[in-house]
Amino acid sequence: MKTLTLNDVKQILKESTQISFSLPNGELVPAHFHVTEIGLIDKRFIDCGGTIRHEQRISFQLWNANDYDHRLHPEKLIKIIELSEKELQLPNLPIEVEYQGRTIEKYNLSHNDTGFVLSKTLTDCLAPDKCQTPSIKVKTKMADLNSSAKNTCDPNSGCC
């Protein structure tokens, strides 16, 4: 699924009557969540191959509060986003969502027919050609090995 940008989120919210977020395992973020912050993540770094990189993303932080009487409605979140755009001069960038799990977890944000979807993010080597990271080994089941291959050893030959 496509990672949503800030403009995508605003457009979806304009067409919505409620907001829901689902985690990668399908579990819903409790309906009494709050968006505690919207910000600009500006990351400048050097990868393991020596290349200097720059990434920017918009961050939404979701918090599961004990406030069961208030729900965040689409029009309220649009106002929060528009205030953030104005005050922080936010560009239209992809959204990264922070949510409290075992630690603060980061997710990409997409949307399906029922609501917003948090999808897993992964780490990766950004310079595998320079780091000479090993290629992925193909796992082979012993039962799938061809016993008639050239280099097989006859049990009676004394080599095994």
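Colleague: Why is Thr17 called exposed?

Modeller: Thr17 has a relative accessible area of 73%, and exposed means over 50%, buried under 20%, partly exposed in between (1.4 Å probe, protein chains only). Thr17 is therefore on the exposed side of that scale. Before we go on, this is a predicted model, in which local features need pLDDT of at least 70, side-chain atom pairs count only at pLDDT 80 or more, and totals for chains, interfaces and linings use all residues. Residues are numbered from 1 along each chain as its sequence is written, and side-chain values use heavy atoms, with hydrogens and water left out.

Colleague: Where is Thr17 placed?

Modeller: Thr17 belongs to the loop that links H1 to strand E1 (21-22). Its C-alpha atom is 7.3 Å from that of His73, although 56 residues separate the two along the chain.

Colleague: How many helices and strands are there in the chain?

Modeller: Three helices and six strands, these being DSSP runs numbered from the N terminus (H or I, at least four residues, for helices; E, at least two, for strands). Along the sequence they come in the order α-β-β-β-α-β-β-β-α.

Colleague: What makes H1 roughly antiparallel to H2?

Modeller: Helix H1 (residues 6-14) packs against helix H2 (residues 74-88) at about 155°, and their axes lie 9 Å apart. Roughly antiparallel applies to angles over 145 degrees, so H1 and H2 earn that description. H1 also passes H2 in a left-handed crossing, meaning that the near helix is turned anticlockwise from the far one by less than a right angle.

Colleague: Which residues meet where H1 packs on H2?

Modeller: From H1 come Leu6, Asn7, Val9, Lys10, Leu13 and Lys14. They meet Pro74, Leu77, Ile78, Ile81, Glu82 and Glu85 of H2. Sorted by class, this contact of H1 with H2 holds seven nonpolar residues, one polar residue and four charged ones.

Colleague: Thr5 is found in the segment before H1. How do you know whether Thr5 is buried or exposed?

Modeller: By its relative accessibility of 14%, so Thr5 counts as buried. Beyond its neighbours within four places in sequence, Thr5 is in contact (heavy atoms within 4.5 Å) with Asn92, Leu93, Pro94 and Ile95.

Colleague: Gln89 and Leu90 interest me too. What makes Leu90 buried?

Modeller: Leu90 has a relative accessible area of 9%, so it counts as buried. Leu90 sits in the loop between H2 and E4. Apart from neighbours within four places in sequence, Leu90 contacts Leu6, Ile38, Gly39, Leu40, Ile58, Ser84 and Glu85. Gly39 is 51 residues away along the chain, with 8.0 Å between the two C-alpha atoms.

Colleague: And why is Gln89 called exposed?

Modeller: Its relative accessible area is 60%, so Gln89 counts as exposed. Gln89 is found in the loop between H2 and strand E4 (95-100). Its phi is near 50°, a positive value in a residue other than glycine.

Colleague: Why does Leu126 count as partly exposed?

Modeller: The relative accessibility of Leu126 is 40%, so it counts as partly exposed. Leu126 lies in the loop from strand E6 (116-120) to helix H3 (128-131). Outside its neighbours within four places in sequence, Leu126 touches Phe45, Asp47 and Arg53. Between Leu126 and Arg53 there are 73 positions in sequence and 10.0 Å in space, C-alpha to C-alpha.

Colleague: What makes Arg44 count as exposed?

Modeller: A relative accessibility of 62%, so Arg44 counts as exposed. Arg44 is part of strand E2 (residues 33-46). Not counting residues up to four places away in sequence, Arg44 touches Arg53 and His54. Arg44 and His54 are ten residues apart along the chain, and their C-alpha atoms are 4.5 Å apart.

Colleague: Now for the whole chain. What share of its residues count as buried?

Modeller: The share is 29% of the 160 residues. The chain exposes about 11700 Å², of which carbon and sulfur atoms supply 50%. That area comes from the Shrake-Rupley method with a 1.4 Å probe.

Colleague: What share of the contacts joins residues 24 or more positions apart?

Modeller: Among contacts with a separation of 6 or more, such pairs account for 66%.

Methods: Axes fitted to C-alpha atoms, helices over the stretch in contact; angles between N-to-C directions. Parallel < 35°, antiparallel > 145°, perpendicular 65-115°, else oblique. Nonpolar A, V, L, I, M, F, W, Y, C, P; charged D, E, K, R; others polar.
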